[in-house]
Amino acid sequence: MSFMVEKKIVLIVADGMGDRLIPKLGNKTPLEVANKPVMDELARLGITGIMDVVGVGVPPGSAPANLALLGYDPYKYYTGRGAFEALGLGLDLMPGDVAFRANFATVDNNLHVLDRRAGRSLVEGDILAEAVSKIKVESASDVSIIFKRGVEHRGVLVLRGSCLSKDVSDIDPEREGVKINLSKPLLDTPEARKTAEILNEFTLKSFEVLSNHPVNISRVARGEKPANIVLCRGAGTMPNVEKFTDRYKLCGVCIAGIPLIKGVARAIGLDVLNVDGATGGLDSDFMAKANVAIKSASNYDFIFIHVKAPDTASHDGLIDEKIEVIERIDKMVGRILDGLSGYELYLAITADHCTPVLLREHSGDPVPVLIYGPNIVNDDVNSYSERTCMKGGLGRIRGLDLLPILINYACKAAKFGE
Ligand code: ZN
Ligand code: ZN
């Protein structure tokens, strides 16, 4: 009887891990300074390169970037952030639904924004979310309101009904001290006009309902900011995609801490596993993620692991924390390698984009990528960084190329022609 070792493909995406030279680090990047023996060893044994995740010189958002890394053209399938956030919070979107990201915020009586986050920690959020869910729109009796709370002041709004459109402008002005925007149709269609009208009615009603809500009356009495309005932005619809399993003939799973990435995974039909302690913040438990990944291998042959923390540290301008997070990711990779040693493992490590700490924003610089697997012809690169990977054997690839390259190395690619 022959014994076949099962193949597993693992893709680890460290959000915003790529960076630029930092004078304070002696003109090195956080990846270059971090002590990361595991990733360096994988780079030595494997093949490396740099990658334009969405396009050359395009600073991408995380949703389109991760779509590309999972083999889906973001210019075709990125249908607005609200949809991915809603899916990530566990809502099942139907064709025709329009979803928005939503914030509980504080406005004055003239609808000027005093605090976009209503003080941020909103312990009474669930009660307020329930009140918002009961809002009925009068301008369209066939449209219903679905509201779900996320963490802190965040949530999602879904409009469900006939003839709706995602082509409407945002209510949330995304800054404070100015009046909220009224939504406008971005296309001259009845659907866009109807959706903007409903969204405006919902917003004003949320102000009415929340201003008079006992929770907010108590908050004001205690000297706290009332969460007296819901501000929406980022309209989106469910993308119409061929599911991952059908497209790549792989049974796939996603392990991620933040709703946006869970939503991207759900949109393409990956199963999503929740991990206790995976918060998306700097305190996120990477080892718990590794353990869930190892366990999932008995059910799945493609495991996608997303770690948000390097991006969080970068947006906050925290150099030392970014280095420390990279070192913890290295330990997570080590745990995954140990835990999956019984399989024939093909593993890729990359970032969805660079978030240079000094910029505190995403950039369009290419990201370093490494692929490790048995008998892959390796290159001369022996550490993993933005600089070393420039000399790697993969050269400069596109984000959409990564998954096909991985699948080919794992000998799971379909043959073209005779
Ligand atoms: Zn990202
Ligand atoms: Zn970011």
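**Exercise 1. Which helices and strands each supply at least two residues of the lining of the largest pocket?**

Step 1. Start with the helices: helix 3 (62–69), helix 5 (81–88), helix 10 (259–267) and helix 12 (309–315) each give at least two lining residues. Strand 3 (98–107) and strand 6 (154–160) do so as well. Helices (H or I, at least four residues) and strands (E, at least two) are DSSP runs, numbered from the N terminus.

Step 2. Keep in mind that this is a predicted model, in which local features need pLDDT of at least 70, side-chain atom pairs count only at pLDDT 80 or more, and totals for chains, interfaces and linings use all residues. Residues are numbered from 1 along each chain as its sequence is written, chains are lettered from A and ligands numbered from 1 in the order in which they are written, and side-chain values use heavy atoms, with hydrogens and water left out.

Step 3. Recall the pocket rule: on a 1 Å grid over the protein atoms alone, a pocket is an open set of points with protein on both sides within 12 Å along at least five of seven lines, while a cavity is a set where a 1.4 Å probe fits but cannot get out; lining residues have an atom within 4 Å of a point. Grid points are joined across faces, edges and corners, and a volume is the space filled by probe spheres set on the points.

**Exercise 2. Describe the volume and lining of the largest pocket.**

Step 1. Its volume is about 1300 Å³. Of the 40 lining residues, Arg 81, Arg 101, Arg 154, Ile 258 and Lys 308 are the closest to the centre.

Step 2. Sort the lining by class: 15 residues are charged, 14 polar and eleven nonpolar. Here Ala, Val, Leu, Ile, Met, Phe, Trp, Tyr, Cys and Pro count as nonpolar, Asp, Glu, Lys and Arg as charged, and the others, Gly among them, as polar.

Step 3. Add the domains: domain 1 (7–76 + 241–409) and domain 2 (86–236) each contribute at least three lining residues. These bounds come from an automatic or database domain assignment.

**Exercise 3. What is the volume of the second largest pocket, and what is that of the largest cavity?**

Step 1. The second largest pocket has about 170 Å³. Its lining includes Asp 19, Arg 20 and Asp 365, and by class has six charged, five nonpolar and one polar residues.

Step 2. The largest cavity holds about 50 Å³. Among its 14 lining residues, Val 53, Val 58, Pro 60, Gly 364 and Asp 365 are the closest to the centre.

**Exercise 4. Why is the pair of Tyr 72 and Tyr 77 edge-to-face?**

Step 1. Rings of Phe, Tyr and Trp (its six-membered ring) pair if their centres lie within 6.5 Å; planes under 30 degrees apart count as stacked, over 60 as edge-to-face and the rest as tilted. By this rule there are six aromatic pairs.

Step 2. The ring centres of Tyr 72 and Tyr 77 are 5.6 Å apart and the planes stand at 75°, so the pair is edge-to-face.

Step 3. Check burial (buried is under 20% relative accessible area, exposed over 50%, partly exposed in between, with a 1.4 Å probe and protein chains only). Tyr 72 is buried at 0%, and Tyr 77 is buried at 11%.

Step 4. Widen the view: Tyr 72 and Tyr 77 form one aromatic cluster with Phe 244, Tyr 248 and Phe 302.
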